[in-house]
Amino acid sequence: MEMAMRATEDIAVGEDVTPPLAPLSLALYDSFLPSHCASCFSSLSPPPSPLADSSHSFLYCSSRCSSSSSSSAEELLLRYTSTVASGDTSDLRAALRLLAHGLDASSWRVGGLLTNREKLMSRESSGDGEVLERIRSGARALAVARSGGGDVEGDAVLEEAALCATITNAVEVQDVDGRGLGIAVYGTDFSWINHSCSANACYRFQFSGTESSPLAPDESRLRIVPYGDRAQMDSVACRNAEVGKGYGPKIIVRSIKAVKKGEEVTVAYTDLLQPKAGRHFELQSKYQFKCSCIRCDAEHLGYVDYALQDFRAAYGYVRENSANCSNYQDEAARRFSESMDDVISEYLSDSDPKSCCEKLESLLTERVLDEDFASKAGLKQKFFLQPLHHLSLNAYITLASAYRIRSSQLVAPQIQAGALVSETLKLSRISGAYSLLLAGAVHHLFSSESSLMASAATFWVSAGESLLSLSGNLAWSIFSEKRQTAARSSAPKPQSCRCSLMKEVQVRPFWSQALYADFENISRDFMSCIAVLTKMLWGFLAHGSHYLQAVKDPIDFGWLRTLEIFKEYNFGAHLDGTGLDSYCERDQNASTYKLHAPDDHERRPLLFQLGVHCLMYGGLLWSICYGRTPCILDMLSNENDVADCSLDR
């Protein structure tokens, strides 16, 4: 029987399932060795001099942290691998620390953790042999480091097992900004939690000095127990309390769905916004198993997985040979994915956001398959991505970032001079529009698959931050004919907001189990207000982007079901004569649209209000997932800020 972890009691939404669990082993990524403590992962302050050579040494924030590792063996490992191998060494260093604990080990399990050694080292699993060679050469390096640099004879079976256990069980440790710092291997209380693409829990990391307040009774105890093969459970020679000694980032598992007593607790090992095939490929290649969760084992694809891979829901095509439709849709996805990867890689390496925006929007608005390819296949198809496709979501993430960078590159003196006022507003506007579209699209999917809560939280917070930044953009006051400099509170107030959460919340902290229990009603109220505000502002936000103007509503995607199949995709056909909201008017003397200053004082409060709603709703989801609110909510720590958006008084 497969190992599993089951709840010992009923667990409500938004409750910790485990206490903070210390790692068995951990390792920073090589790139963070010069700037972070190699034990607790905290940022070193002040940072070391850039002239300091830390390529073969480890830095620590305290003597306590430096005593937690066998740095001599690790330094020897770094020196040895630098001469025989390339690439990041965090997996090797984590495996070395795992061996240093003296856990009971075999080729099958290390300290109760499955190694997958036979599968990982098989020719079938290793593909071109790269994985197999990595394990063999890495194990040899581990053996050399453990011997003090001496010659090593025979097979390094134990070292291979430790490295395979690390590859199989390690999770990426991320800071509060979602930046990956390194990896950590946790004991069986965490590592025996199985994967599900419809997970009912997620996890967060606790760093030294954070969340230091006393734990509530329900947060200080383990609320799951192993269930499965008794022989496997009896083989565990240690528990988290006996190893790890409290060093390093701790991990806490938290419920995102209600879990009944005896029900299995699961987390996601992969990105759940990938389609089924993508998830299965990653899980098989890294963890050597095929997922058979309720989402993957359904007889027919569920709505979310269908939407993540479908081209037709929004834009349709004209059929001439329907038998080949599926094959060429797959080919369209492959070509589009490769093109998108090329654009994003070029953007990351060359830092040219303008070129990135142009190329990605071209991919989104043009046919994925060229006409020659389609005609040879006997097809006359319009392979456009629909807005919920996973490749579209990836494009939105990059476009929101690229437009934001383009806006920030217009320096203040240029804006003050007035030469680029309109341009900086446009770029900031479109960045906010893509952030809002991304949040709305993921929320639409989250409504059908609640395991996507963590993704929805991230994108709502990002949208809120982007819209608040737009509402406070310096260019507004310059753009206005009157150059208004009055405080936000003096501007005319938008229509009263009646969100239940806005009524209850005046100051932080504002999340409680009572709010979680009423989540459905609160979510409905929030989304109702967000939908109304979006309808008032979407034309303004989308103006200037051919693709965004084709999106009828970035929050309510019911319009996708009403579009008929047509021969040509007519971008912006659903908009009125201006393509803008009621606050913008067409310039009678030109073919362009003009933003009129007298309405700025009305639009800015609306943008601010929409940003606050997105940020606070994302914060609610975030607190359910992680037991805390995102740092950006400090922007709203002032009671007056919330009051500006809670006008029912």
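Good morning. I begin with an arginine: R204 is buried, at a relative accessible area of 5%. Please bear in mind throughout that the model is predicted. This residue belongs to strand β8, which covers residues 201–206. What does the side chain of R204 have beside one of its polar atoms? The backbone oxygen of Y626 is found there, 2.8 Å away.

Let me now place that residue in the context of the chain. The secondary structure amounts to 25 helices and 13 strands. The chain has 649 residues, and 53% of them count as buried. Turning to contacts, I consider those with a separation of 6 or more: 76% of these join residues 24 or more positions apart. The accessible surface is about 29,100 Å², and carbon and sulfur atoms contribute 49% of that area.

Next, the cysteines. How many disulfides does a search of the whole structure find? The number is zero. One pair merits a closer examination, namely C197 and C296. For C197, the closest cysteine sulfur is that of C296, at 3.6 Å, and the pair is not bonded because this distance is too far for a bond. The cut-off that matters here is 2.5 Å between the two sulfur atoms. Seen from the other side, C296 likewise takes part in no disulfide, and its nearest cysteine sulfur is that of C197, 3.6 Å away. Are these cysteines buried or exposed? C197 is buried, with a relative accessible area of 0%, and C296 also counts as buried, at 3%.

I turn now to two helices. The first topic is α14, which runs over residues 353–365 and therefore contains 13 residues. From its first C-alpha to its last, α14 reaches 18 Å, close to the 18 Å expected at 1.5 Å a residue. Which residues of α14 are buried? They are P353, S355, C356, C357, L360, E361, L364 and T365. The list thus includes the glutamate E361 as well as the leucines L360 and L364.

The other helix is α19, spanning residues 453–471, and my interest there is in S466. This serine counts as buried because its relative accessibility is 10%, and the limit for that class is under 20%. Which residues does S466 touch, once those up to four places away in sequence are set aside? The contacts are with S431, G432 and S435.

To close, I return to the two points I would ask you to inspect in the structure: the 2.8 Å approach of the Y626 backbone oxygen to the R204 side chain, and the 3.6 Å between the sulfurs of C197 and C296. Thank you.

Technical notes: Residues are numbered from 1 along each chain as its sequence is written. This is a predicted model: local features need pLDDT of at least 70, side-chain atom pairs count only at pLDDT 80 or more; totals for chains, interfaces and linings use all residues. Side-chain values use heavy atoms; hydrogens and water are left out. Helices (H or I, at least four residues) and strands (E, at least two) are DSSP runs, numbered from the N terminus. The expected span of a helix is 1.5 Å times one less than its number of residues. Buried means under 20% relative accessible area, exposed over 50%, partly exposed in between (1.4 Å probe, protein chains only). A polar contact is a pair of N or O atoms within 3.5 Å; within protein, one must be able to donate a hydrogen and the other to accept it, and residues adjacent in sequence count only if both atoms are side-chain atoms. Contact means heavy atoms within 4.5 Å. Accessible areas come from the Shrake-Rupley method with a 1.4 Å probe; for residues, only the protein chains shown count as cover.
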